[in-house]
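Q: Before we discuss this model, may I see the sequence and the structure side by side?

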Amino acid sequence: MKLKQILALPCCRILVEGQPDREISKIFCCDLLSIAMSRAPADGVWVTVMGNRNTLAVASLTETACIVLAEGVTLDEDTLGKAEEEGIAILATDLPVFDMALKIYQEGFA
Amino acid sequence: MNDTLTFRYTIDGDDFTRAGEASSSVKNKLKQLGLDSDVIRKVAIAMYEGEINMVIHADGGEITVSVSDSDITMILADRGPGIPDVDQAMQEGFSTARPEVRSLGFGAGMGLPNMKRYTDEMKIDTVIGEGTTITMKVYI
């Protein structure tokens, strides 16, 4: 699936658009950054409730295409600006992690 | 001919939000050199974990990264408290990180084990009260 299919989901708010034509490899759910660092797949969409600047650093190092912040979590303007520079999409949703990941799965992986 | 490339970074101990910038910079440089993406990923993970450790435990330090034809060597040197029991520190899940560090998603006791897992060689030299130097190599 392409990132733009995720960007179009009605349950998400787009904070940073990233690269809409990027091909998404996998869905990944994790809130512990040390585990995400070693396990997040390249070109993946990462659903998490951990919203701080280090989340973006981990996404950048692992070549994550898109971060989806679940449970109403958000990121500060500075970090969003950095995500913009790095071409990493940031979405926000009020859904829990599993429900959000399932919606993405049903949209593009089922 | 000596064609080893060297990059040096000073890691700021106070600024947790900037941790990872040195690793990002190295990753971008290795990409420009056209190195294999698997090698780059290993270096990025190992160095990021080391960088985070320096900020959490040692009030920063210095990182030197050298790229030769055969490997990438990372030397992370700090003047922190030292590691009292290296074997214990190498166990997954063992952590001495503060609660505020844990609340940011770190301090799970994965740092050193991840560094070991993603590198081909790793050596820890530590002296209590003087500091720790970790040398890691990833083969190209």
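**Sheets, helices and the interface**

Q: Let us start with chain B: which residue in β5(B) is the bridge partner of I124(B)?
A: The bridge partner of I124(B) in β5(B) is I134(B). Residues are numbered from 1 along each chain as its sequence is written, with chains lettered from A and ligands numbered from 1 in the order in which they are written. The model is predicted, local features need pLDDT of at least 70, side-chain atom pairs count only at pLDDT 80 or more, and totals for chains, interfaces and linings use all residues.

Q: And over how many bridges do β4(B) and β5(B) pair?
A: They pair over seven bridges, in the antiparallel sense; pairing requires at least two bridges found by DSSP. Strands (E, at least two residues) and helices (H or I, at least four) are DSSP runs numbered from the N terminus.

Q: What do β4(B) and β5(B) form, and what is the phi in the turn?
A: β4(B) and β5(B) form a hairpin with three residues between them. In its turn, G129(B) has a positive phi of about 80°.

Q: Now the whole sheet of chain B: what is the strand order?
A: The sheet is open and has five strands, ordered β1-β2-β3-β5-β4 (chain B), with antiparallel pairing.

Q: Why is one side of β1 and of β4 of chain B left without a neighbour in the sheet?
A: β1 (5-12) and β4 (121-127) of chain B stand at the edges, and each has a single partner strand, so one side of each lacks a neighbour.

Q: What is the average twist from one strand to the next?
A: The twist averages 10°, with angles taken between N-to-C directions on a scale from 0 to 180 degrees and axes fitted to C-alpha atoms, for helices over the stretch in contact.

Q: Back to β1(B): over how many bridges does it pair with β2(B)?
A: β1(B) and strand β2 (residues 60-67) of chain B pair over eight bridges, in the antiparallel sense. Within β2(B), S66(B) stands opposite T6(B).

Q: Which helices pack on this sheet?
A: Helix α1 (residues 21-32) of chain B packs on the sheet and touches β1 and β2 of chain B, its direction making about 160° with that of β1(B). Helix α2 (residues 37-57) of chain B also packs there, touching β1, β2, β3 (71-78) and β5 (131-139) of chain B. The direction of α2(B) makes about 5° with that of β3(B). Contact here requires C-beta atoms, placed from the backbone, to lie within 7 Å.

Q: Moving to chain A, what order do its strands have?
A: Its open sheet of five strands has the order β1-β5-β4-β3-β2 (chain A), and the pairing is mixed. β1 (13-16) and β2 (27-29) of chain A are at the edges with a single partner strand each, so one side of each is without a neighbour in the sheet. Ignoring direction, neighbouring strands are turned by 25° against each other on average.

Q: In which sense do β3(A) and β4(A) pair?
A: Strand β3 (residues 45-48) of chain A and strand β4 (residues 66-69) of chain A pair in the parallel sense, over four bridges. C66(A) in β4(A) is the bridge partner of V45(A).

Q: And where does α4(A) pack?
A: α4(A) packs on the sheet, touching β1 and β5 (89-92) of chain A, and its direction makes about 75° with that of β1(A).

Q: At what angle do the axes of α3(A) and α4(A) cross?
A: The axes of helix α3 (residues 53-61) and helix α4 (residues 77-86) of chain A cross at roughly 10° and come within 10 Å. R53(A), L56(A) and S60(A) of α3(A) make the contact with T79(A), K82(A), A83(A) and E86(A) of α4(A). By class, the contact has two nonpolar, two polar and three charged residues. Ala, Val, Leu, Ile, Met, Phe, Trp, Tyr, Cys and Pro count as nonpolar, Asp, Glu, Lys and Arg as charged, and the others, Gly among them, as polar.

Q: Across the chains, how do α3(A) and α1(B) cross?
A: Their axes come within 10 Å and cross at roughly 20°. A57(A), S60(A) and L61(A) in α3(A) meet S23(B), S24(B) and K27(B) in α1(B). The residues of this contact divide into two nonpolar, three polar and one charged.

Q: How many residues does each chain give to the contact?
A: Chain B gives 17 residues and chain A gives 14 residues. On the side of chain B that touches chain A, α1, α2 and α5 (111-117) of chain B each supply at least two residues. α2(B) gives the most to that side, with four residues. By class, that side of chain B has eight nonpolar, seven polar and two charged residues.

Q: Finally, what ipTM does the predictor give the complex?
A: The ipTM is 0.81, and the pTM is 0.88. For chain B the mean pLDDT is 93, and 99% of its residues reach 70 or more, where pLDDT is the predictor's confidence in each residue, from 0 to 100.

Notes
Two residues are in contact if their C-beta atoms, placed from the backbone, lie within 7 Å.
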